[in-house]
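Trainee: Please give me a close look at a single part of this structure, namely the pairing of its strands. Then add what is found around that part.

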Amino acid sequence: MNWLITGGAGYIGSHIAELFQQEGLNYYCYDNLSTGDPARISDSERLIIGDIHDEVKLERIINKMEVSGVIHLAAKKSVEESREKPILYEKTNFEATERILDICSRNGVSQFIFSSTAAVYGESKSGFVSEDAELHPISTYGVTKMKAESVLTSYISRGLIQGVSLRYFNVIGQASAALKDNSSDNLVPRVLTAARQHLKPQIYGNDYPTSDRTCIRDYVDVRDIARLHLRLCRDFDGPKLPPALNVGTGVGVSVLEVMQSIYSRMGLSLNPEVLPRRQGDPATLVAEIGKLKEKIGFVTKFDFESSIESLLH
Ligand SMILES: NC(=O)c1ccc[n+]([C@@H]2O[C@H](COP(=O)([O-])OP(=O)(O)OC[C@H]3O[C@@H](n4cnc5c(N)ncnc54)[C@H](O)[C@@H]3O)[C@@H](O)[C@H]2O)c1
């Protein structure tokens, strides 16, 4: 069975590729290197440089490599940028996913794992969200991922493909420095950069209705995400899969706690700069993870502190 990992040179995709490499699964990465890094792929022959908007190339690769399953990660992922460039997000996250599903269903690809996000939920009263919660995304990014999920669900319900949308919460950690998250959008890499440069980290809003007034999120380790994909791909049981699964730890950590953990581990005193709230940031967003355990028998291995620890080596 051959897997095609779109966005395989990215932060999460390269962790999946590396684990597949170690465990002997057959895979190819398909990436336009817009934010990806070829150095993250240890077996360079497995990297195909291409764009998900290039349908002709994608279809040719799927046939040439005899791909029977796709792990679709290639996307634009910044909540802030999605506000400035809604058309780019619509085309990349929604329209391209729809076309990839069409290519898959016409070319014998029977399995599809989609990287979705907790941003599909938006605000929730309790802050704890289950897969059955109504989706009210408050960012363009979240809307485009919700629409892509919905197309996949429709393909699944029509029997055209088997698959699942994995709603990752905030992904952190690393298996090695070579695979690190280079993103300037995510909180943890931004705080690490500020700490290394002895700068003040920035908090967007300290007037939220939470215990320390900063936003609370669920931080899930990228090594657990890679293990989950390995589990799903080794033993793919389509009929057992629900349309969507939360991928988190079920534990909430505040922005201030993230900063305290990093600054204290680095022996630095913390004096953050407080900026106004950003549009599209819910106060609390933590996963209910019962379904992941019940349906897949999967539990995360790494807690928040061990994820942070992995970033400091
Ligand atoms: N990192 C997180 O915390 C997080 C949380 C929830 C969901 N996700 C989702 O997980 C997926 C991977 O995220 P990541 O953190 O690894 O991001 P990333 O930016 O590191 O990886 C995305 C990869 O896709 C590639 N890519 C982008 N547009 C492409 C295109 N048009 N054609 C081909 N390749 C293209 C990039 O070059 C990059 O290698 C995304 O779909 C993202 O929405 C990430």
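Mentor: Two strands count as paired if DSSP finds at least two bridges between them. The strands themselves (E, at least two residues) and the helices (H or I, at least four residues) are DSSP runs, numbered from the N terminus. This is a predicted model, in which local features need pLDDT of at least 70 and side-chain atom pairs count only at pLDDT 80 or more, while totals for chains, interfaces and linings use all residues. Residues are numbered from 1 along each chain as its sequence is written, and side-chain values use heavy atoms, with hydrogens and water left out.

Start with strand β4, residues 67-72. Six of its six residues are buried, so the rest of the structure largely encloses β4. Here buried means under 20% relative accessible area, exposed means over 50%, and partly exposed lies in between (1.4 Å probe, protein chains only). β4 has strand β1 (residues 2-6) as a parallel partner, with five bridges. In that pairing W3 stands opposite G69 of β4. β4 also pairs with β5, again in the parallel sense, over four bridges. There I71 has I113 of β5 as its bridge partner. In a regular strand, side chains alternate between the two faces of the sheet.

From β5 the path continues to β7, which runs parallel to β5 and is joined to it by seven bridges. S116 is matched with R167 in β7. Strand β7 covers residues 162-168, and six of these seven residues are buried, so β7 too is largely enclosed by the rest of the structure. β7 pairs in turn with strand β11 (residues 244-247), in the parallel sense and over four bridges. Opposite Y168 is V247 in β11.

After β11 comes a loop that leads to β12 (252-254), and G250 sits in it. G250 is partly exposed, at a relative accessible area of 26%. Its C-alpha atom is 24 Å from that of Y263, although the two residues are 13 apart along the chain.

Now the ligand. A residue is near a molecule if one of its heavy atoms lies within 4 Å of it. There are 28 residues around the ligand, and D31, L73, K77, Y141 and K145 come nearest. By class, the shell holds twelve nonpolar, twelve polar and four charged residues. Strand β5 reappears here: with three residues it gives the largest share of the shell. α1 (11-23), β5 (111-117) and α5 (140-157) each supply at least two shell residues.

Polar contacts are pairs of N or O atoms within 3.5 Å; within protein, one atom must be able to donate a hydrogen and the other to accept it, and residues adjacent in sequence count only if both atoms are side-chain atoms. A polar side-chain atom of T35 is 2.7 Å from a ligand oxygen. A side-chain N or O atom of D51 is 3.1 Å from a ligand nitrogen, and a backbone N or O atom of N32 also lies 3.1 Å from a nitrogen of the ligand. The protein covers 95% of the 820 Å² of accessible area that the ligand has on its own (Shrake-Rupley method, 1.4 Å probe; for residues, only the protein chains shown count as cover).

Technical notes
Ala, Val, Leu, Ile, Met, Phe, Trp, Tyr, Cys and Pro count as nonpolar, Asp, Glu, Lys and Arg as charged, and the others, Gly among them, as polar.
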